Amino acid sequence: MTPQSLLLLLLVAPALFPAVLCRFSTLDHLKPKASEATQARAVTGLLRRLLGNRSTEFLLSVNRSLSNNSLDVCELSSARDGRIVASGSSGVALASGIYNYLKYFCNCQVSWSGKQLELPSPLPQLSGVLRISSPHRFRYYQNVCTVSYSSVWWDWSRWETEIDWMALNGINLPLAFTGQEALWEEVYRAMGLNETELEEFFSGPAFLAWNRMANMGRFGGPLPPSWHVDQLQLQFKILQRMRAFGMIPVLPAFSGNIPKGILRLFPKANVTRLGPWAHFNCSFSCSYILDPRDPLFLQIGALYLSQVVKTFGTDHIYNTDTFNEMTPPSSDTNYLSAVSRSVFASMTAVDPDAIWLMQGWLFYSDPSFWKPPQIQALLHGVPLGRMIVLDLFAEADPVFTYTQSFYGQPFIWCMLHNFGGNNGFFGTVESINSGPFQALSFPNSTLVGLGMTPEGIEQNPVIYELMSELAWRREPVNLTKWVSLYAARRYGSMDDKLTAAWRLLLGGVYNCTWLHYVNHNHSPLVRRPSLKMRTDLWYDPADLLEAWKLFMDAAPTFMSKETFQYDLVDLTRQVLQDLTSSFYQDIADAYANKKMAELLTAGGVLVYDLLPELDRLLSSNQNFLLGTWLERARSKALNEREARLYDMNARNQITLWGPSGEILDYANKQWGGLVEDYYAQRWALFVHTLVDCLDRAVPFKQDSFNQAVFQVEQGFISNGRNYSSKPQGDTFQIARRIFLKYHPQALKRLQRTGPGGPPRPRSQRRFSHSSDLQSSD
């Protein structure tokens, strides 16, 4: 792509801006606090970390006057000495503009799965001024669950890398939830709670997201004092760097979730005890919720937010979510308005300029309760323009379309995309490519930004690059052209095979068009075996297999690229995942037809070859290692007792998700070590059990199997095995062996499977952590 063509692609026509984007003067104070010089220094540091000595070939500055309407702008040009001169209206705008140049002029890429930064020398020159700007005031990032499914064990080095990625991708409104338990402990101790009462309240580190949302408590705890110290230190660094880039961090506020001990101190408080959540019993669930209308709510909320502002400073925007996956005690509209009015009052009592950022997940997850009058009542308890609603799952089921644009409250169109941090190819690229622009043109739209709200990250990098780029576009991209350029910058050069492969992937597995589809990996590979398992596919597996072949053909040339290595492993993993479904179907059919030989053959191939090969493949790449997850968890510990606690948290979350499998396999991962010692062991027991049933002519009983396999699942959590955090084996040789062995039969097997049928319509669906569980009856 020439500089001139890129200029035409990205130049802004001001007349295209919808008037709505400048309508909410109530949000004008949400802006970078750091000086222009501080923001420029932050981007200079980013480029130094990214490009080393070549970062000196960029002349950087931040100039707020480049934008006259709060919308980010970056201008780039070439100096006479060949350096690139870049100026942005904020540090984020500057970083994003430079990344646009690196992508489209230098064929470079930065992703969770690796970097491709082979800069041409000298740098490509710009023939004029390249002006890049965003039509969106805010670009939001993170889900309240991301902090548990992905970043719970991160150190500062990993956080620094992530914040750099945020800046490059234009994020200016990130969630900043780290360290909040330390402040809650201070508040509750000051109120008179004792150590036991606090230990019974907080969950373990891997489950804090749901503790904060009043879904559960205690399990995985207690939190050691060293945890609070570590998280506070991290939060100070996180906030300092976010603000240095010109980002506006979103801090936590009070939702009404309280320790049981509050009832000892305030026995007359208006407190409701919730019912069980997600199959947990009341030992770890049934939280206590303080009625927002009770004066004590304002007292606790103001105490906590005062501590937050005192400790972390403020950018005047706070998140808290009421009724997350919980049905309110009353549908009365006056009650619902009073609730939101009281929650907001607890913020403004401390910060008169407070803006409430609320996830709109509750409206999606429980549509039988949240009818238009109830939604409007909750939203209108807060003055218009003083709340921003995250339309959390807008790419699948946008709420703004049936709420008259959230009844006048500003909202952010969000792509959720991922549940539980699962691996597995998935995308809804047509919806992503059109949805934000439909939201812009919606009658009386109150859209103020775009967001990315995955429950877990470090998967499907192509989808997040597309989504982040759309925040700087005025119209949908040509997906075929876009993905061709994506392939070129991901590997550093254009290659016909890889271009063709990516076109197949983007048009197939990454283009789910089923209405209201929830991307939560239901492959038999990562679910507890039963005779009633889902094997449906939303794409033609023939396209996946052809892309696999094209990748293998290109592999000898591109194996030196870490981005290619990751993609080859991920693509091969996806094929083996689909093959697992095929072999499972053979196993189930053989059992149903009482064909022992066929059962032994299909079961033997799956258990003794395919799954071990998958484990070897995953173990060859740094990005697919169980050992990395566990090592990071244990690194947070100051002693062996803490190390064991964190290790249990880390293992339980990705497997049983609760003491007895309450949310079994919700956060499933395909990692080297986990496939061998968890998934393969379950499948071995399943096949053995079916063989035994046929041999003894007795029926398979799922309940009995569940009891037996639970011992296997628990055994993994307590096995004490150390898993390597270093890749082992030659990725190319392993992938090539798998390809030669399985590609021929995959052509027959997966073409036979074909795409499945669509899921239920929205009117028949209620989604939550618990409702997504696959039946094993």
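# A tour from a loop to an eight-stranded sheet

N444 has a relative accessibility of 67%, so N444 counts as exposed, since the cut-off for that word is over 50%. Keep in mind that this is a predicted model. N444 lies in the loop between α16 (429–441) and β17 (447–452). Its backbone is a bit unusual, too: N444 has a positive phi of about 55° although N444 is not a glycine.

## Another asparagine and two cis prolines

Which other asparagine has a positive phi of about 55°? N107, which is not a glycine either. N107 lies in the loop between α3 and β4 (109–111). With 28% relative accessibility, N107 counts as partly exposed because that value falls between the 20% and 50% limits.

Loops also hold a couple of cis peptide bonds. One of them joins S121 and P122, with omega about 0°, and P122 is placed in the loop between β5 (114–116) and β6 (130–133). Another cis bond links G221 to P222, again with omega about 0°. For P222, the loop is the one between α8 (208–212) and α9 (225–244).

## A buried serine

Is S90 buried or exposed? S90 is buried, because its relative accessibility is 4% and the cut-off is under 20%. You'll find S90 in the loop between β3 (84–88) and α3 (91–106). The S90 side chain reaches the backbone nitrogen of A93 at 3.0 Å. Setting aside neighbours within four places in sequence, S90 is in contact with P32, Q39, V62, D72 and F245.

## The sheet

Now for the open sheet of eight strands: the order is β8-β7-β17-β16-β15-β14-β13-β9, and the pairing is parallel. What are the edge strands? They are β8 (173–174) and β9 (251–252), each of which pairs on one side only.

Here are some of the parallel pairings, with their bridge counts.

| Strand pair | Sense | Bridges |
|---|---|---|
| β8 and β7 | parallel | two bridges |
| β7 and β17 | parallel | four bridges |
| β17 and β16 | parallel | five bridges |
| β16 and β15 | parallel | three bridges |
| β13 and β9 | parallel | two bridges |

Start at the β8 edge and walk across. Y140 of β7 stands opposite L173 in β8. On the way to β17, R139 has L450 as its bridge partner. Strand β7 (residues 138–141) is covered on both faces: F138 and Y140 are buried on one side, and R139 and Y141 are buried on the other. That two-sided split fits a general pattern: in a regular strand the side chains alternate between the two faces of the sheet.

Next comes β16, the strand between β17 and β15 in the sheet order. Why does β16 (residues 411–415) count as largely enclosed by the rest of the structure? Because five of its five residues are buried. F411, W413 and M415 are buried on one side of β16, while I412 and C414 are buried on the other, and both faces are covered.

F411 is a handy landmark in this strand. F411 stands opposite L447 in β17, and F411 is also the bridge partner of V389. The partner strand β15 spans residues 387–391. As for how the chain connects this part of the sheet, β16, α16 and β17 make a right-handed β-α-β unit. The exposed N444 we started with sits in the loop between α16 and β17.

At the β9 edge, L251 has Y318 as its bridge partner in β13. Strand β13 covers residues 317–319.

## The nonpolar core

Finally, the largest nonpolar core has 275 residues, and Y188 and W657 are the ones that touch the most other members. Helix α21 (residues 562–592) gives the most to this core, with 14 residues. As a general point, nonpolar side chains tend to be buried together in soluble globular proteins.

Methods:
Residues numbered from 1 in each chain as written. Predicted model: local features only at pLDDT ≥ 70, side-chain atom pairs only at ≥ 80, totals over all residues. Heavy atoms only, no water. Buried < 20%, exposed > 50% of the residue type's maximum accessible area, 1.4 Å probe, protein only. Polar contact = N/O pair within 3.5 Å; in protein donor to acceptor, adjacent residues only side chain to side chain. Contact = heavy atoms within 4.5 Å. Pairing = 2+ DSSP bridges. Right-handed = clockwise from strand over helix to strand, strands pointing away. Core = buried A, V, L, I, M, F, W, Y, C linked by side-chain atoms within 4.5 Å.
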